[in-house]
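Here's a quick tour of a protein model for anyone who works at the bench. Have the structure open as you read.

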Amino acid sequence: MMNRILSEVDPQMAAILEGEMKRQQTCLVMIPSENYASKAVLQTQGCIMTNKYAEGYPGARYYNGCQFNDMAESLAIERAKRLFGAEHVNVQPHTGSQANMAVYYALLNDGDTFLAMDVSHGGHLSHGRKQNFSGRYYNPVFYGVEKDTERIDLNHVLDIAMKCKPKLIVVGASAYPRILDFKEWREVADKVGALLMADVAHIIGLIAGGVHPDPVPYCDVVTTTTHKTLRGPRGAMILCKKEFAEKIDKAVFPGVQAGPLMHVIAAKAVALKEALEYGFREYQAQIVKNAKKLAECLMKEGFRLVSGGTDNHLMLVDLSDKGVNGQEAADLLEESGIIVNKNLIPYDTKPPTQCSGIRPGTPAITTREMREPEMEQIGMMISRVLKHPKNAKIRAEVRQEVMELCRNFPIYQDIDIWR
Ligand SMILES: Cc1ncc(COP(=O)(O)O)c(C=O)c1O
């Protein structure tokens, strides 16, 4: 019973995983929050630490038998501190949303006001959306991007902050293609006496790679996921100043979580080691170069990009004048082997189920070692598909071209972890 492999125990699930493997290998994964975790990360995430209860923190657990779990978690913490120069790190949050939940739980009381980016302008659900816990238990007030520049204007943010007097300002987004200057955000927070939290879930890898300004010196707390540009296992971390360490740790456990996912924490440690290694900075720089090249190509092809381009790993393509909405575009591209997600554009007139835009990103295709020439090729393919939405023949041709490109930039060739 214990030694049977997946394909013997559950051929149905093995076949599903085979299908997903083939999909990831033969499609262009261009959802900017997705990536390919390394074999070492996958191996660790599938390890025996899934068996262990380890409530508490290294050296102070509520369960016995935690010596190796303490070592794994301490290693993750130490590596994260080294990589980001953080005073304190908590590696236990199961997800980015739970990391944010823990920070609010630590720093706010029910009903307190916090200021964050509007979801419809690029913020995240956990930044105060009314259907989310963050909008239900607190009082979120929102800033957005300006109508003309489609960028955040910090003077405008300051005006709003002066009026609503937030206890906490949240800077960070899921769909903002421009740089965030955390030093300037600190100045805004100080002017209104607010705490400052950066949610860098998307751009954490760029920060580690030195191609995006660093929030750690300026923010009281920084939350991040580990599975996006950082290329680790699905999960999250919180970095903070020493003075908030105890509050944050208590908010994560026992505040919003119980048993930590030790197998995932072990895999976070491995991903952080990879991020400290030679080549990671180059990888991050290439993500940005690739995004800029793709943006340039799409604009040359007549697509309007929100804010006129990108400084990071993603871009928002406005399809309002192209006769397809974001959902239709994402479906047409998926048929062609290019996986993107629909996205609202700022001041969108369409509902979130349709959206006027798509949000392509380059982290995963850069992991496959694609470079600028491939970005031009991909830009042309996206353009051909979206300019001819009624032409199934073009989609079939592009599907073949995508297959060929994926063959030339293989991924997970020798991974065989479930057979
Ligand atoms: C800015 C931001 N914060 C938080 C999250 C939440 O992460 P998770 O999906 O792990 O809850 C995301 C996810 O996309 C995000 O973009």
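What follows goes through the domains, the ligand site and one pair of packed helices.

## Two domains

Keep in mind that this is a predicted model. The protein splits into domain 1, covering 43–276, and domain 2, covering 281–408. Measure from one C-alpha centre to the other and you'd get 28 Å between domain 1 and domain 2.

The two domains do touch: 23 residues of domain 1 are in contact with 23 residues of domain 2. On the domain 1 side of that contact, the mix is eight nonpolar, nine polar and six charged residues.

## Around the ligand

Now for the ligand, which has 14 residues around it. If you want to look at the closest ones, go to T95, G96, S97, S174 and A201.

What classes of residue make up the shell around the ligand? Ten are polar, three are nonpolar and one is charged.

## Two packed helices

Next, find helix α13 (residues 326–335) and helix α15 (residues 372–387). These two pack with their axes 10 Å apart, at an angle of about 120°. Because of that angle, α13 counts as oblique to α15. The crossing of α13 past α15 is right-handed.

Which residues make the contact? From α13 they are A329, L332 and L333, and from α15 they are I382, V385 and L386. By class, the contact of α13 with α15 has six nonpolar residues, with no polar and no charged ones.

Notes
Residues numbered from 1 in each chain as written. Predicted model: local features only at pLDDT ≥ 70, side-chain atom pairs only at ≥ 80, totals over all residues. Near = placed C-beta within 6 Å. Nonpolar A, V, L, I, M, F, W, Y, C, P; charged D, E, K, R; others polar. Domains from an automatic or database assignment. Contact = placed C-beta atoms within 7 Å. Axes fitted to C-alpha atoms, helices over the stretch in contact; angles between N-to-C directions. Helix = DSSP H or I, 4+ residues; strand = E, 2+ residues; numbered from the N terminus. Parallel < 35°, antiparallel > 145°, perpendicular 65-115°, else oblique. Left-handed = near helix turned anticlockwise from the far one by under 90°.
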